[in-house]
Amino acid sequence: MIILIVIVFAIAGFAVSSKLKSKFKKYSQTALKANLSGAEIAKLMLADNNIHDVQVVCVEGQLTDHYNPANKTVNLSPDVFYGRNAAAAAVASHECGHAVQHATSYAWLNVRSTLVPIQNSASKILNIVLIASLFGGFALGLPVPFIGYIIVGSYSVITLFTIVTLPVEFDASSRALAWVKTRDIVNSSEYEMSKDALKWAAMTYVVAALASITTLAYYIMVFFGGRD
C-alpha cells in the first residue's frame with residue numbers, strides 16, 4: 001500500500017511539475033509591455049512596501065526561486081532575474097510576497113518558520129526509523145507499538161508543515177497578483193498569464209500536502225487501526 005501511495009503521488013507530482021515548467025516556458029515567451037526584468041520588478045515591489053533591508057540576488061538553476069528570511073534575500077533564478085516576461089513577473093513578485101509577509105509578521109509564515117527546525121528533526125528521525133525497519137521490526141531494540149508512535153508522530157509534524165505551507169504560498173501569490181495589477185506592471189492578458197503560472201506553482205504544494213496526509217493516514221491505520 002505504501003508503495004502504491006508513493007507511486008501515485010510521484011506521478012501526480014511529476015505531472016504538476018511538468019505542467020508548471022510548460023507554463024513557465026510558454027509565458028516566458030511573452031515580453032512584458034512594461035519592459036521590466038524580474039529583478040527590477042522585485043526591487044520595485046519591495047520599495048513600494050517600504051522594505052529596504054532585503055536584497056535581490058541571482059542564484060543558479062531553474063525554478064530555484066525563493067525568499068530566505070534568515071539573511072533577508074529574494075533569490076531569483078537567471079530566467080526570472082533577467083527575464084522581461086509574464087512568467088518572470090509572476091515569480092519575482094511572488095517571492096517578494098514572502099518578503100512582505102516577513103516584514104509584516106504574517107501569522108502563518110511565523111508558524112511555518114517555527115516549524116522548520118522541528119520538521120527537519122522529525123524528518124531525520126523518520127528516516128532513521130524507516131531505514132532501520134528495513135532490517136527488521138526490532139532493529140532499534142524498541143517494541144513495534146513504540147516505533148509506530150515515533151513514525152506517526154514524526155509524520156504528523158511533517159504533514160502539519162505541508163499544510164501550514166499552503167496559506168503561506170497562496171497568500172504570497174495573492175499579494176503578488178494584487179500588486180502587479182494595481183501597479184500596472186502587467187496588462188490584462190499578462191495578468192492572466194501570471195495568475196495561471198502561480199496557480200500551477202501552488203499546485204506543487206497542494207500535491208505535497210495531499211501526499212503527506214495520505215501517508216500519515218496509512219501509518220495510523222497500520223499501527224493503530226486494530227488490524228486482525
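Start by selecting C96 and C58 and showing their sulfur atoms. The sulfur of C96 sits 14 Å from the closest cysteine sulfur, in C58, which is too far for a bond. A disulfide is a covalent bond between the sulfur atoms of two cysteines. Here the term stands for a pair of cysteine sulfur atoms within 2.5 Å, and a search of the whole structure finds 0 disulfides. What you have open is a predicted model, in which local features need pLDDT of at least 70 and side-chain atom pairs count only at pLDDT 80 or more, while totals for chains, interfaces and linings use all residues. Residues are numbered from 1 along each chain as its sequence is written, and side-chain values use heavy atoms, with hydrogens and water left out.

Stay with the two cysteines for a moment. Is C96 buried or exposed? C96 is buried, at 0% relative accessibility, whereas C58 is partly exposed, with a relative accessible area of 34%. (Buried means under 20% relative accessible area, exposed over 50%, and partly exposed in between, using a 1.4 Å probe and protein chains only.)

**Zoom out to the whole chain**

Switch to a cartoon view. You should find 7 helices and 3 strands; these are DSSP runs numbered from the N terminus, with helices being H or I of at least four residues and strands being E of at least two. Trace the elements from the N terminus and they run α-α-β-β-β-α-α-α-α-α. Along its principal axes, the C-alpha trace spans about 65 × 35 × 25 Å. Of the 228 residues in the chain, 41% are buried.

**The sheet**

Now select the strands. They form an open sheet of 3 strands in the order 1-3-2, with mixed pairing. (Two strands pair if DSSP finds at least two bridges between them.) Why does one side of strand 1 (55–58) and of strand 2 (66–68) lack a neighbour in the sheet? Both stand at the edges with a single partner strand each, so one side of each is left without a neighbour.

Look at the pairing of strand 1 with strand 3: the two run parallel and are joined by 4 bridges. Select Q55 and you will find its bridge partner T73 in strand 3; V57 has N75 as its bridge partner there. Strand 2 and strand 3 run antiparallel, joined by 3 bridges, and N68 stands opposite T73. The hairpin of strand 2 and strand 3 has 4 residues between the strands, and in this hairpin K72 takes a positive phi near 50°.

Next, colour strand 3 by residue. Both of its faces are covered: T73 and N75 on one side, and V74 and L76 on the other, are all buried. Add helix 2 to the view and you will see that it lies across strand 1 and strand 3, running at about 165° to strand 1. (Axes are lines fitted to C-alpha atoms, for helices over the stretch in contact, and angles run from 0 to 180 degrees between N-to-C directions.)

**Into the core**

In soluble globular proteins, nonpolar side chains tend to be buried together. A nonpolar core here is a set of buried Ala, Val, Leu, Ile, Met, Phe, Trp, Tyr and Cys residues joined through side-chain atoms within 4.5 Å. Select L46, V56, V74, L76, V80 and V186: of the 36 residues in the largest nonpolar core, these touch the most other members. Elements giving two or more residues to this core include helix 1 (2–27), helix 2 (38–48) and strand 3 (73–76). Which helix gives the most? Helix 4 does, with 10 residues.

Pick L76 and display what surrounds it. Leaving aside neighbours within four places in sequence, its contacts (heavy atoms within 4.5 Å) include A42, V56, C58, F81 and A92. A second, separate core has 13 residues, including A122, L126, I151 and V222.

**Two last stops**

Select S37, in the loop between helix 1 and helix 2. S37 counts as buried, at 6% relative accessibility. Beyond its neighbours within four places in sequence, S37 is in contact with F81, Y82, G83 and R84.

Finally, go to Q119 in helix 5 (residues 107–133). Q119 is buried too, with a relative accessible area of 14%. Show V157, I158 and F161 beside it: Q119 touches these three, not counting residues up to four places away in sequence.

Notes: Two strands pair if DSSP finds at least two bridges between them.
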